[in-house]
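Let's take a stroll through this protein model, one neighbourhood at a time. Keep the 3D view open and find each spot as you read.

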Amino acid sequence: MQNLAEAFLGLSKEDRSLLSAIETGMKTHEWVPSYVISELSGLPVRKVDFLLGRLFEKKLVEKESLHYLGFRIDFDAYDLLALSDFVKRGRLSAIGEKIGVGKESVVYDALGEAALAVKFHRQGRTSFKHVRRLRDHLGDRPRVPWLYAAALAARHEFSVMEKLFPAVAIPKPVACSRHALAMEYVAGPALHKVALSDPQDGLEMILGEVGKALNLGIIHADLSEFNILVADSGPKIIDWPQAVEAGHPHAREWLERDLSNVLRFFLRKYSIDMPLSRALAIVEEQAGSVEKREHAGKVP
């Protein structure tokens, strides 16, 4: 989508109603017939057909007529539905420019009560098998449409962030809708884009945050120099959709992989050669010391 804000402002209430009806219909149909869209939206079929033609011209719906005429939405329309919900709930008042693109997400700056970042998950058809294999939040579902896989990823990331904040240095989670997550905007470059004045201290601070997350029973499971931001207050860890609980069968393996990624970066860029065993000890010591402090603060 060339201009998200312009596309949002160009939607009528009826357009949003139709897109929402298609979204609902996609739970049971790969391609949603217009009569189903009419039933779900409460609009007459003739008006639905007219509006769908206009939405198709705007490339907000796709259609298929091999077996019957059916419609579905893609991520562009899903973005607009999520934005509509954020606005309706008073969480967002303006959407700005695209500020980041990842393997499975795109991020925009925005405004609510404060500066925000809005992350749209993009788990698509090509990565869906990978998503199902690695993501706990998909559970044992035999088949989940790719659009809803993105929504589940956002919901999982938001719940993890709510559990971690404010004990762990992450952006404050603000709201979640469908596949979109609104959070505090963090001013600061990614770790790989900046030269630290005291890299040894920076490394230990990052390990400390990993330890705080471990104390809360969470392992990032995709940590690297690309999802650690360097803010004025210190490192902020972002991108938690692959996070797992510490009781997961592969938790130790993925914790070690997270730490190995960070250690490789600091070795390559700053020639700091910290053994994995030492990094694990720092993380586990931090997790243990947090637990002891919390226990000491409890009233018997």
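A hairpin joins strand E10 to strand E11, and two residues make the connection. E10 covers residues 228-231 and E11 covers residues 234-237. The two strands pair in the antiparallel sense, with four bridges between them. Want one bridge to look for? Find Leu229, whose bridge partner in E11 is Lys236. Keep in mind that this is a predicted model.

**Aromatic rings**

How many aromatic pairs does the structure hold? There are four. Two of them are set out here, with the distance between ring centres and the angle between ring planes.

| Pair | Centres | Planes | Type |
|---|---|---|---|
| Phe265 and Phe266 | 5.4 Å | 85 degrees | edge-to-face |
| Phe266 and Tyr270 | 5.6 Å | 35 degrees | tilted |

Why is the Phe265 and Phe266 pair called edge-to-face? Their planes sit at 85 degrees, and the label goes to planes over 60 degrees apart, so the pair is edge-to-face. For Phe266 and Tyr270, the planes are at 35 degrees, so that pair counts as tilted. Through these ring pairs, Phe265, Phe266 and Tyr270 are linked into a cluster.

Are these residues buried or exposed? Phe265 and Phe266 are both buried, and Tyr270 is buried as well. Now look at helix H9, which runs over residues 251-270. Phe266 and Tyr270 are four residues apart in that helix, so about one helical turn separates them.

Another ring has a charge for company: the charged end of Lys63 sits over the ring of Phe56, 4.4 Å from the ring's centre.

**The largest pocket**

Next stop, the largest pocket, with a volume of about 1,000 Å³. It is lined by 36 residues, and the closest to its centre are Val107, Phe226, Asn227, Ile238 and Asp239. Which elements give two or more residues to the lining? They are strands E4 (94-101), E5 (105-111), E6 (115-121) and E8 (180-184). As for chemistry, the lining divides into 15 nonpolar, twelve polar and nine charged residues.

**A closer look at Asp109**

Finally, zoom in on Asp109, which has its place in strand E5. Its relative accessibility is 27%, so Asp109 counts as partly exposed; that class lies between the 20% and 50% cut-offs. Try finding Ile95 too: Asp109 and Ile95 are 14 residues apart in sequence, while their C-alpha atoms are 6.3 Å apart in space.

Key: Residues numbered from 1 in each chain as written. Predicted model: local features only at pLDDT ≥ 70, side-chain atom pairs only at ≥ 80, totals over all residues. Heavy atoms only, no water. Pairing = 2+ DSSP bridges. Phe/Tyr/Trp six-rings, centres within 6.5 Å; stacked < 30°, edge-to-face > 60°. Buried < 20%, exposed > 50% of the residue type's maximum accessible area, 1.4 Å probe, protein only. Lys NZ or Arg CZ within 6 Å of the ring centre and 35° of its normal. 1 Å grid on protein atoms, 1.4 Å probe; cavity = no way out; pocket = protein on both sides within 12 Å on 5 of 7 lines; lining within 4 Å. Points joined across faces, edges and corners; volume = space filled by probe spheres on them. Nonpolar A, V, L, I, M, F, W, Y, C, P; charged D, E, K, R; others polar.
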